[in-house]
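Let's walk through this one together, strand by strand. Have the structure open and turn it as you read.

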Amino acid sequence: MQQQRYAQITGWGKYVPDKILTNHDLANMVETNDEWIVQRTGIRQRHIRTEKDTNTSMAVAASKEAMTVAGITANDLDFILVCTSSSDYLLPGAGSTVQAELGAACGAVQLVAGCSGWAYGAAMASSLIQSGTYSTILVVGVEIVSHGLDYTDRSTCILFGDAAAATVFQVTEEPSGVLSFELGSDGDKAKSLWVPYGGSSQPINQSVVDEGRHFIEMDGQEVFKFASKTVAASLKRVIAQAGLLPDDIDLFIPHQANARIIEAGARLMRQPKDKFYMNLDKYGNTSAASVPLAMVEAIQEGRLKQGDKVAIVAFGAGLSWGAAVIQLGAGEISKAHSLFSLGHAKYLAKRTRETVLDTAQNIILPIAMRFSGKRK
Ligand code: UT7
């Protein structure tokens, strides 16, 4: 009988740019103030890309860390999903640029689902693994949102930041990993959060640039209403789908958009506020990187341990949403932060094996063939 396949998270990593933009910095750029931003959003600062950071370089830095924790190399990857709406180029997509930089030899694709990106990626990776198509998939959430912001528009520029976080999903027979998921889209509300110009329908021209319509535009209250309704409703559905109750969830990892949305979600779920993880005070809303970045930090802070059940929920442009229940397996969660983890040892062993094989193929074999040719 064929064994049931599950998609387990075995590796995680993050990259945040060095540059920090505080609420006080923003108050010098646009008519706003720290008190308003903290009260209405919970955000105190965000990280912004520096000259050395590209969408690809950030994704690759996070991915290398995640692969080290998983104890794999790029050669082990069967597929790469890069969830982002801020790729380096319009074409090719971020899948290809990240695949090339990692030196992987597998299919790779960019997934554009706004802030719901990583939730979509996790669901798709899990399905590809459970179906038997692939065994090891890298799912990255990465954004340079700052590139698309109008820093004269206080209704958007205070909210977002840049970051990358990566996760490795691998097949396991242990009943764990992604236990349930839900993906949704309400495209009728697309204009509540969009970049109207720059696509093929409404290309950029000088007057578009002069009017600043190539930046992100948002109806904050409309998105707020949508999010407040969606967070608890979709969490309840995925938790029930996994055969669990909200009390069975060890930690909720919501999209880090606004502390008020998260607190409303906790109230509607009748769960204590501190079961809803928050790091938006440090990073703001990092779009597709938000949920995986929060998960990586929750693991690194020891808020999550092996066997824990996590419920994630994300929402954003589309308007779209995604939620999932994920059970962490018997991996090396507690040990994995250390460079000397089992994962790192496995990684070093694999790298050594690959180097030995490369040397044999490229140096020893040609020399041996030359000598054997001479002897004849
Ligand atoms: O991934 C999804 C991304 N998007 C979201 O999650 C956005 C969801 N929406 C929100 O988080 C909130 O709607 C915002 C934080 C964007 C806005 O908060 P709000 O409580 O809905 O504020 P508001 O738009 O109703 O504005 C209230 C007041 C207005 O002034 P008046 O008309 O009452 O005098 C605004 O002009 O606050 C003013 N305001 C600001 N004041 C200082 C708006 N933005 C700012 C600002 N600084 N940055």
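**Two sheets, a core and a ligand shell**

Start with strand β1 (residues 6–15), which runs antiparallel to β7 and is joined to it by 9 bridges. If you want landmarks along that pairing, look for G13 opposite A166 in β7, and for Y6 opposite T172. Keep in mind as you go that this is a predicted model.

Now stay with β7 itself, residues 163–172. How many of its residues are buried? The count is 10 of 10, so "mostly covered" is a fair label for this strand. In a regular strand the side chains alternate between the two faces of the sheet. You can follow that here: A163, A165, T167, F169 and V171 sit on one side of β7, A164, A166, V168, Q170 and T172 sit on the other, and all of them are buried. Both faces of β7 are covered, then.

β7 has another partner as well. Strand β6 (residues 136–143) pairs with β7 in the antiparallel sense, over 8 bridges. Within that pairing, L138 has V168 as its bridge partner in β7.

Step back and you'll see the whole sheet: 5 strands in the order β1-β7-β6-β4-β5, forming an open sheet with mixed pairing. At the edges are β1 and β5, each of which pairs on one side only. From one strand to the next, the twist averages 20°.

Helices lie across this sheet. Helix α3 (residues 55–70) crosses β1, β4 (79–83), β6 and β7, and runs at about 125° to β1. Helix α4 lies across β4, β5 and β6, at about 135° to β5. Just past α4 (94–102), in the loop that leads to β5 (107–111), you'll find G103. Is G103 buried or exposed? G103 is exposed, because just 11 other C-beta atoms lie within 10 Å, and the cut-off for exposed is 12 or fewer. G103 also sits 9.5 Å from T73, C-alpha to C-alpha, although the two are 30 residues apart in sequence.

Time to move to the other sheet. This one has 4 strands in the order β8-β13-β12-β11, again an open sheet with mixed pairing. The edge strands here are β8 (177–185) and β11, each pairing on one side only. Neighbouring strands of this sheet are turned by 10° against each other on average, direction ignored.

Zoom in on β12, residues 309–316. Why call this strand largely enclosed by the rest of the structure? Because 7 of its 8 residues are buried. On one side, β12 runs parallel to strand β11 (residues 251–254), with 4 bridges joining the two; there, I253 stands opposite I312 in β12. β12 is also joined to strand β13 (residues 320–327), this time antiparallel and through 8 bridges. Along that pairing, K309 faces Q327 and F315 faces W321. The two strands make a hairpin with 3 residues between them, and G318 in the turn has a positive phi of about 145°.

This sheet has its helices too. α7 lies across β8, β11, β12 and β13, running at about 145° to β12. Helix α10 (residues 290–300) packs on the sheet as well, touching β11 and β12, and its direction makes about 145° with that of β11.

Next, colour the nonpolar core. The largest one has 108 residues, and those with the most contacts inside it are A59, V82, V140, A164, I312 and A324. V82 is a good one to click on: leaving out residues up to four places away in sequence, V82 touches A59, A94, G95, V98, A108, Q110, L111, V140 and V142.

And the ligand? Which residues come closest to it? T32, C115, R154, G220 and A257 do, out of 18 that surround the ligand. α2 (34–41) and α7 (220–241) each supply at least two residues of that shell, and α7 gives the most, with 5. By type, the shell divides into 8 nonpolar, 8 polar and 2 charged residues.

Finally, zoom all the way out. The protein chain has 11 helices and 13 strands, and 48% of its 376 residues count as buried. Among contacts with a separation of 6 or more, 78% join residues 24 or more positions apart.

Technical notes
Residues numbered from 1 in each chain as written. Predicted model: local features only at pLDDT ≥ 70, side-chain atom pairs only at ≥ 80, totals over all residues. Buried ≥ 20, exposed ≤ 12 C-beta atoms within 10 Å, placed from the backbone. Pairing = 2+ DSSP bridges. Core = buried A, V, L, I, M, F, W, Y, C linked by C-beta atoms within 7 Å. Contact = placed C-beta atoms within 7 Å. Near = placed C-beta within 6 Å. Nonpolar A, V, L, I, M, F, W, Y, C, P; charged D, E, K, R; others polar. Axes fitted to C-alpha atoms, helices over the stretch in contact; angles between N-to-C directions.
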